[in-house]
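Q: I am new to this structure. Please take a close look at one part of it and explain what is found there.

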Amino acid sequence: MGGNKKDHFKEDQERELPGIESLNALNASMEHEEQVQRHIEKGNLTPDEVALYIMQNGSTGQKISMLQHLSRTIGVIDDQKISQLLSELCDALWTQDIELQKAAPDSLVTLLPLIKEQHVLALLAGARTMLEVRTIEVRSKWSTLALELIKFLQPSLIISDVVPMALKKGDH
């Protein structure tokens, strides 16, 4: 019986220790994150360029962090750059990891008091796209954001833009 416990202990250790492939993947991921960070630090990028660079090249964790701190970026760039940034971020979200797709609406909702109606419309366009994805959890998160966006729109825009979308996507 003593050998049996030893065998179980060995099996538990093997299950707990990651394989060499996992360690290599983790090391590569960490190196990639460090490369992205070095590029940002060396690049003399504007805040909006940093956000877009992270969205294009960063890890999922870096992208989530960038979205969580997006209010700082919004606070230091002009309206035209805000529109471009939000539009490009929303355009890219549907191709991202599900983890990021589910996290993005919570971060984006914090921007609503800081932005103008034209920017809210850019987010609404992104929400429309995200309401088409297959994953129910993602659609649910973006449905919640879409409802929050409505609070920041004029009634005429709600009637012309939101109501037709709501009728089309009645399951949301």
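A: **A close look at Gln 101**

The protein chain has a mean pLDDT (the predictor's confidence in each residue, from 0 to 100) of 86, and 85% of its residues reach 70 or more. This is a predicted model, in which local features need pLDDT of at least 70 and side-chain atom pairs count only at pLDDT 80 or more, while totals for chains, interfaces and linings use all residues. Residues are numbered from 1 along each chain as its sequence is written, and side-chain values use heavy atoms, with hydrogens and water left out.

Confidence in the protein chain is highest in H7, at a mean of 97, and lowest in helix H1 (residues 2-16), at 55. Helices are DSSP runs (H or I, at least four residues), numbered from the N terminus. Gln 101 belongs to helix H7, which covers residues 98-109.

Gln 101 counts as buried because its relative accessibility is 4%; buried means under 20% relative accessible area, with a 1.4 Å probe and protein chains only. Its side chain reaches the backbone oxygen of Leu 93 at 3.1 Å. Leu 93 is also one of the residues that Gln 101 touches, where contact means heavy atoms within 4.5 Å. Leaving aside residues up to four places away in sequence, the other residues touched by Gln 101 are Trp 94, Thr 95, Gln 96, Met 130, Val 138 and Trp 142.

How values were computed
Helix = DSSP H or I, 4+ residues; strand = E, 2+ residues; numbered from the N terminus. Buried < 20%, exposed > 50% of the residue type's maximum accessible area, 1.4 Å probe, protein only. Polar contact = N/O pair within 3.5 Å; in protein donor to acceptor, adjacent residues only side chain to side chain.
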